[in-house]
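The exercises below are to be worked through with the sequence and the coordinates at hand. Each one sets a task and then gives a solution in steps.

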Amino acid sequence: MSDIGQIRQSAISAAFLGDLDACRFHLGRADVTDHERAWLYCQLSEALYHNGIHDNAVECARIAFDLQPEKEEIANLCAWVFSNCGRHEEAAAAYERLLVIRSQWAAGHRHASGSFAAAGQFDHAIFHGRKASDLDPHSFEFAFHAACLLEAAGRHAQAVDYFMRAAALDPADACVLRHLSAALFALERGEQAVALALRAVTLAPSDRLSALHATELLLRTERYDEAAAIILDAVAVHREDHVALRLLSATQILRGRAEEALEAIDRAITLAPETTEYLLHRANLLYRLGRLEEAAETFGRAAALDPSNPDTKRSQLTVYFDSGRFIEALAVGGELIRTSPDNEEYAQAVLQVLNRRFEMLDGDYVVLSERALRSPRQLRPQPTIFAALHTQARVIYALIIRETRTRFADSKLGYGWALLEPVLHILMLSVVFAVLMRGRPPIGNEFFIFYYTGIIPYHLFVHTSSNMTYAITGNLSLLQLPLVSTFDVIMARGLVELLTDTLVAVILLAGFGAIGLGVLPHDLPALSASVIAVWLLGCGLGFINAVLNAFFKSWDKIWAQLTRALYFCSGIFYVPGMMPDWVRDILVWNPILHAVDWFRSSFFPEYEPHWLDRSYLAIVAAVTVVAGLGFERALRRHLYEPL
Amino acid sequence: MITLDRVSKVYRTRSGRKTVLDNVNVTLESGHNFGILGVNGAGKSTLIRLLAGSEMPDRGAVRRYSRVSFPLGFGGTFHGALSGRENVTFVARVYGAEVRAVTEYVEGFAELGEYFHMPVNTYSAGMRARLAFATCLAIDFDVYLIDEVTEVGDQRFRRKCAEAFRERTLRSDIILVTHNVHTLRQYCDRGAILDNGELTLFDDIGMALGRYHRMVQESL
């Protein structure tokens with residue numbers, strides 16, 4: 001033992017001299033056991049620490065800990081030295097080692113937690129912090145420590161549990177209440193949070209942090225007047241507190257007291273003139289108050305303080321722009337573009353300034369609103385029905401003229417095509433049936449006339465119903481004119497077809513006369529009636545088609561197929577009398593067939609088919625017209641979108 | 001004078017239904033030029049089309065005691081396959097105006113040159129706007145509805161338009177939608193703010209602008 005006493009003495013004196021090597025030499029002597037050596041190193045480390053030689057103290061503690069980490073008193077002392085010398089990771093390791101031996105040691109867990117937290121290992125820190133508080137639930141400090149760690153890690157619900165524990169141990173501690181309140185607010189338990197924050201203020205009326213916290217919560221829960229009462233008290237106590245003044249300013253804005261808000265932020269800026277955020281706040285406030293000059297000046301100060309923040313400059317630009325100072329706005333805009341050349345919004349803003357500047361260059365823009373001398377025009381009466389009809393007639397007339405221009409706009413033949421189509425059609429049918437089949441027409445002597453009487457009503461129906469189909473989709477631009485309605489464009493197309501096909505029919509008849517096939521209808525009223533009836537049928541279906549095509553873009557294709565089928569079912573190149581009775585009984589459901597036979601019978605007096613039912617066609621036409629017009633009127637508002 | 005009598009209008013957009021007007025009762029008096037303010041997407045263009053009659057309200061009635069122009073804006077009212085001249089003729093006929101006088105005025109004002117006789121499809125956006133502008137001026141409307149087109153064309157043409165409008169405002173009113181504060185102050189003496197289905201009238205454009213600025217600031 002005296003040996004060890006000697007060794008210790010010589011080692012300690014060597015250590016005092018700062019001679020760690022000599023010290024080691026003494027302690028490394030073979031006749032010292034590991035335990036004694038470790039103990040001696042510990043002693044030495046402690047002595048070194050007390051003498052302020054921290055590096056060497058750490059060095060010795062490391063040696064001791066390496067020698068006998070499992071010994072409680074050694075680990076404890078080493079941990080203490082590590083911790084005090086700022087070697088938190090090693091301290092944490094040492095405490096962990098100790099806790100293997102004494103797992104129920106609450107203070108040890110608390111130390112370990114502190115060391116882990118200082119070393120930045122928060123998961124471990126939280127684990128040990130909670131363990132410490134759980135082992136010794138009556139320690140205020142342990143509970144508060146664990147809660148703060150949990151709160152910092154964003155684990156609000158668990159933090160609340162430990163803050164509650166701390167608050168139960170010391171209900172008068174404002175700091176705990178404040179923290180608990182913040183955690184509860186993060187959990188969206190606003191009511192409780194505010195109540196606790198207010199209690200914290202009551203407990204410690206002069207505590208600045210409690211007041212700031214309570215004010216902030218009250219503002220967030222829109223209890224502005226209570227917030228104002230607290231923050232005003234706080235400002236009265238802490239006269240030099242610029243954070244409180246900034247909060248007061250925000251409170252006053254929310255209460256709609258802009259002037260007082262401005263006064264508060266001005267005081268804050270006097271106390272902390274270098275804070276950019278305060279200047280920005282003040283500038284926004286001035287802008288809101290309409291004091292553009294001062295706002296611009298304040299934004300300028302903020303921009304000078306923090307030249308790297310483009311948002312400040314952007315705000316400055318807006319203010320300059322709104323106060324008409326385009327030159328300054330342009331200067332700021334130039335800097336913006338230089339610092340953030342790829343920001344589209346900035347570029348847009350600068351472009352706007354440039355445009356305005358252009359307008360100002362000449363300066364002879366006339367102010368137009370000064371027209372006090374002008375007497376307002378006389379008001380016009382609401383249009384009567386007659387006037388409205390007159391306008392509509394005018395519109396339809398204009399549309400008809402326009403339609404005739406565009407009807408065949410795509411083909412070079414233009415209107416010639418309207419004439420050529422039925423001529424070719426009749427010629428083809430005549431050639432096929434007359435030459436190839438060497439037959440005679442079922443009625444009359446001339447193939448031309450017979451096919452003519454079939455083609456004309458059929459074409460009138462197909463042209464009318466098909467061309468009206470595109471009335472809405474093809475006239476979207478015209479429908480933007482307020483006076484032009486969907487009814488007008490559809491109706492105009494129908495009328496164009498009636499006019500065109502009637503004209504074509506007359507010209508063809510004249511042509512037949514010219515080549516010596518002179519046939520005139522013997523019953524003009526019947527002819528007109530059949531034409532009107534089939535046109536009305538076409539119109540009714542045309543309205544329905546136009547509406548359907550506005551909703552279903554390929555309806556026109558379906559309609560084209562239907563009309564092609566009708567071509568074979570309408571008795572154009574035959575008379576229904578040639579068909580077996582059962583076929584004819586089906587065919588007579590087709591109203592076009594009646595139209596063709598009606599038309600035909602007005603040409604050939606001897607042709608008076610017993611299946612011809614004129615009233616059937618008339619009724620079907622009337623019903624379709626009513627349905628088509630009703631359909632259009634019902635869906636009028638949904639037929640097209642504004643361009 | 002245009003009266004909105006319990007007018008409601010809801011618009012369907014990709015993001016859902018948007019109320020432009022919600023049971024609005026206002027009268028835009030004649031003898032005043034109105035500037036319409038509202039954030040993007042508030043429905044200013046729809047309002048202009050309702051005033052014009054290009055669009056019908058969902059409920060209520062828009063009564064016009066004046067001859068109101070078609071909305072002068074970016075949307076086309078011209079048929080692409082027809083020439084400028086034919087289009088102008090059409091508009092003149094629709095409004096019952098003297099066709100010859102209108103086309104001559106437009107030809108002189110719009111400065112389209114040979115393009116006046118070519119299909120509108122071949123026009124640039126600026127040329128289309130010039131044609132629309134000139135057509136609108138050529139017809140004697142009581143109220144002109146303008147939706148953001150005062151920025152059209154080069155500076156000289158803009159000045160020409162302003163000049164023409166100055167002369168026109170001696171007789172007619174203007175209802176103007178623009179983001180350009182300067183233009184609003186120049187042309188309008190009264191203002192209206194369209195916000196969330198409400199249309200608020202102001203007797204002074206300055207008041208309207210001030211209120212609007214505060215509104216925009218608060219929403220930021």
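**Exercise 1.** How much area is buried between chain B and chain A, and what percentage of it do carbon and sulfur atoms give?

*Solution.* The model is a predicted one, and the totals for interfaces use all residues. The size of an interface is often given as the accessible area lost when the parts come together. For chain B and chain A, the buried area comes to about 5,000 Å², with carbon and sulfur atoms giving 55% of it. On the side of chain B, the residues that lose the most area to chain A are B:Phe90, B:Arg93 and B:Gln186, which together account for 14% of what that side buries. Counted by residues in contact, the interface brings 62 residues of chain B against 47 residues of chain A.

**Exercise 2.** Describe the polar side of this interface, and then work out which elements of chain B contribute to it.

*Solution.* Begin with the charged pairs: the rule, which asks for a nitrogen-to-oxygen distance within 4 Å, finds 1 salt bridge across the interface of chain B and chain A. A salt bridge joins the side chains of B:Asp142 and A:Arg380, with an N to O distance of 2.6 Å. Next, count the polar contacts, of which there are 7 residue pairs between the two chains, both residues being at pLDDT 80 or more. Then assign the side of chain B that touches chain A to secondary structure: at least two residues each are supplied by helix 1 (44–52), strand 4 (59–64), helix 2 (84–94), helix 5 (155–168), helix 6 (181–187) and helix 7 (205–219) of chain B. Helix 5 of chain B provides the largest share, 6 residues. Finally, sorted by class, that side of chain B has 20 nonpolar, 22 polar and 20 charged residues.

**Exercise 3.** Characterise chain B by its secondary structure, burial and contacts.

*Solution.* The secondary structure of chain B consists of 7 helices and 8 strands. Of its 220 residues, 57% are buried, while the area that chain B exposes is about 8,900 Å², 47% of it supplied by carbon and sulfur atoms. Taking the contacts in chain B between residues at least 6 apart in sequence, one finds that 66% join residues at least 24 apart.

**Exercise 4.** Which residues does A:Leu541 touch, not counting those up to four places away in sequence?

*Solution.* First locate A:Leu541, which lies in helix 26 (residues 524–551) of chain A. With residues up to four places away left out, A:Leu541 touches A:Phe461, A:Ser465, A:Trp559 and A:Thr624. For A:Phe461, which is 80 residues from A:Leu541 along the chain, the C-alpha separation is 9.3 Å.

How values were computed:
Residues are numbered from 1 along each chain as its sequence is written. Chains are lettered from A and ligands numbered from 1 in the order in which they are written. This is a predicted model: local features need pLDDT of at least 70, side-chain atom pairs count only at pLDDT 80 or more; totals for chains, interfaces and linings use all residues. Side-chain values use heavy atoms; hydrogens and water are left out. Contact means heavy atoms within 4.5 Å. Buried area is the accessible area (1.4 Å probe) that two parts lose on being put together, summed over both. Helices (H or I, at least four residues) and strands (E, at least two) are DSSP runs, numbered from the N terminus. Ala, Val, Leu, Ile, Met, Phe, Trp, Tyr, Cys and Pro count as nonpolar, Asp, Glu, Lys and Arg as charged, and the others, Gly among them, as polar. Buried means under 20% relative accessible area, exposed over 50%, partly exposed in between (1.4 Å probe, protein chains only). Accessible areas come from the Shrake-Rupley method with a 1.4 Å probe; for residues, only the protein chains shown count as cover.
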